[in-house]
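Here are my notes on the model you sent round. Please read them with the structure open.

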Amino acid sequence: MNMDYALIGGLFLVLFSVPATIAAWAEGERLYLRMGVLAFGLLLIEWAYLSDTDNYAPGNWPLVLTQAAARVIP
């Protein structure tokens, strides 16, 4: 797997699982699955960052997102 896609997948998982986790907590539902998705997203981000700390630093995330989108969208 390309690390760009791992970083993007992790960012989207975290982006969408945080509101879902907060909503489940507010409604009194179980948080196991939502917290698992959040942890998996954070692990994907950390995996990409630890593979190349210069390229996948948080300051370079917008550049990584646009380069990956340019590869996918012809």
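The points below go from the overall fold to single residues.

1. Status of the model. This is a predicted model. Every value below is computed from it, and local features were considered only at pLDDT of at least 70.

2. Overall fold. The chain has three helices and zero strands. Read from the N terminus, the order is α-α-α. Along the principal axes, the C-alpha atoms fill a box of roughly 40 × 30 × 20 Å.

3. Burial and surface. The chain has 74 residues, and 27% of them are buried. Its accessible surface is about 5,100 Å². Carbon and sulfur atoms account for 71% of that area.

4. Contacts along the sequence. Take the contacts in the chain with a separation of 6 or more. Of these, 66% join residues 24 or more positions apart.

5. Helix H2, length. H2 covers residues 32–51, which makes 20 residues. How far apart should its ends be at 1.5 Å a residue? The expected span is 28 Å, because the rise applies to one less than the number of residues. The end C-alpha atoms are 28 Å apart, so the two values agree.

6. Helix H2, two sides. Leu38, Gly41, Leu44, Ile45 and Ala48 are the buried residues of H2. They cover an arc of only 120 degrees around the axis, so they lie on the same side of the helix. These buried residues pack against H1 and H3. Tyr32, Leu43 and Leu50 are exposed on the other side of H2.

7. Leucine 13. This residue sits in helix H1. Is leucine 13 buried, partly exposed or exposed? Its relative accessibility is 29%, so it counts as partly exposed; the buried class ends at 20%. Setting aside neighbours within four places in sequence, leucine 13 contacts Val37, Phe40, Gly41 and Leu44. Gly41 and Leu44 are among the buried residues of H2. The C-alpha atom of leucine 13 is 19 Å from that of glutamate 29, which is 16 residues away along the chain.

8. Salt bridges, first pair. The structure holds two salt bridges. In one, the side chains of aspartate 4 and arginine 71 meet at 2.6 Å, N to O. The pair links distant parts of the chain: aspartate 4 belongs to helix H1 and arginine 71 to helix H3 (residues 61–72), 67 residues apart. Aspartate 4 has a relative accessible area of 7%, so it is buried. Arginine 71 is at 43% and therefore counts as partly exposed. Side chains of opposite charge can pair when their charged atoms come close.

9. Salt bridges, second pair. Glutamate 29 and arginine 34 also meet through their side chains, at 3.2 Å, N to O. Glutamate 29 is partly exposed, with a relative accessible area of 38%. Arginine 34 is partly exposed too, at 28%.

10. Nonpolar surface patch. Which residues make the nonpolar surface patch? They are Phe12, Leu15, Phe16 and Leu65, and the patch is about 410 Å². Helix H1 (residues 3–27) gives the most to it, with three residues. Phenylalanine 16 lies in H1. Its relative accessibility is 58%, so phenylalanine 16 counts as exposed; the cut-off for that class is over 50%.

Conventions:
Residues numbered from 1 in each chain as written. Predicted model: local features only at pLDDT ≥ 70, side-chain atom pairs only at ≥ 80, totals over all residues. Heavy atoms only, no water. Patch = residues over 30% accessible without salt bridge, like charges linked within 9 Å, V, L, I, M, F, W, Y side chains within 5 Å. Areas by Shrake-Rupley, 256 points an atom, 1.4 Å probe, with all protein chains shown as cover. Salt bridge = Lys/Arg side-chain N within 4 Å of Asp/Glu carboxyl O. Helix = DSSP H or I, 4+ residues; strand = E, 2+ residues; numbered from the N terminus. Buried < 20%, exposed > 50% of the residue type's maximum accessible area, 1.4 Å probe, protein only. Contact = heavy atoms within 4.5 Å. Arc of directions from axis to C-beta.
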